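Here's a structure to explore together. Let's go through it with a few questions and answers.

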Amino acid sequence: MNLNLSGHHLDITPAIRAYVTNKLVRLTRHFDHVIDVSVVLSVDKLRQQVTANLHVRGKDIHAECVEPDMYAAIDALADKLDRQVLRHKEKKNGNRHEPGAVKRTASVPGPRKARTQ
């Protein structure tokens, strides 16, 4: 997983970089096919915003979170991305059925009632 971390009106400290990296490791635990992650941290007065673009095979996932605290914004962003990645994984693997999983029984029609007119 390639991680591109940038700051807008913010210097990226080693503590913030380590925190973002530790939070995004959870994504690779659930889904191994994450190709690239781009995270932008921005500060505008009392508004801390974190935006992430996640590139997986066949789809780009976008999430954004605004909180008064940068670490809370990173936590909320990681939760949003985790939910979206799990949903993508379920959709991708959801249409596959094992051959023995679905048993079909032949329906035998029962006796029909005669219609009275």
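Q: Which residues touch the most other members of the largest nonpolar core?
A: This is a predicted model, and its largest nonpolar core has 24 residues. In general, nonpolar side chains tend to be buried together in soluble globular proteins. Here, the members that touch the most others are Val39, Leu41, Val50, Leu54 and Leu81.

Q: Which element gives the most to this core?
A: Helix 1, strand 2, strand 3, strand 4 (59-67) and helix 2 (70-93) each chip in at least two residues. The top contributor supplies seven residues, and that's helix 2.

Q: Which residues of helix 2 (70-93) does leucine 41 touch?
A: Let's leave aside residues up to four places away in sequence. Leucine 41 then touches a list that includes Leu5, Ile16 and Val50. Helix 2 spans 70-93, and the partners of leucine 41 in that range are Met70 and Ile74.

Q: Is histidine 9 buried or exposed?
A: Histidine 9 sits in the loop between strand 1 (2-8) and helix 1 (14-30). Its phi is positive, about 60 degrees, although it's not a glycine. Exposed means over 50% relative accessible area; histidine 9 has 66%, so it is exposed.

Q: What is the phi of lysine 45?
A: Lysine 45 lies in the loop between strand 2 (34-44) and strand 3 (47-56), and with 77% relative accessibility it counts as exposed. Most residues other than glycine have a negative phi. Lysine 45 isn't a glycine, yet its phi is positive, near 55 degrees.

Methods
Residues are numbered from 1 along each chain as its sequence is written. This is a predicted model: local features need pLDDT of at least 70, side-chain atom pairs count only at pLDDT 80 or more; totals for chains, interfaces and linings use all residues. Side-chain values use heavy atoms; hydrogens and water are left out. Helices (H or I, at least four residues) and strands (E, at least two) are DSSP runs, numbered from the N terminus. Buried means under 20% relative accessible area, exposed over 50%, partly exposed in between (1.4 Å probe, protein chains only). A nonpolar core is a set of buried Ala, Val, Leu, Ile, Met, Phe, Trp, Tyr and Cys residues joined through side-chain atoms within 4.5 Å. Contact means heavy atoms within 4.5 Å.
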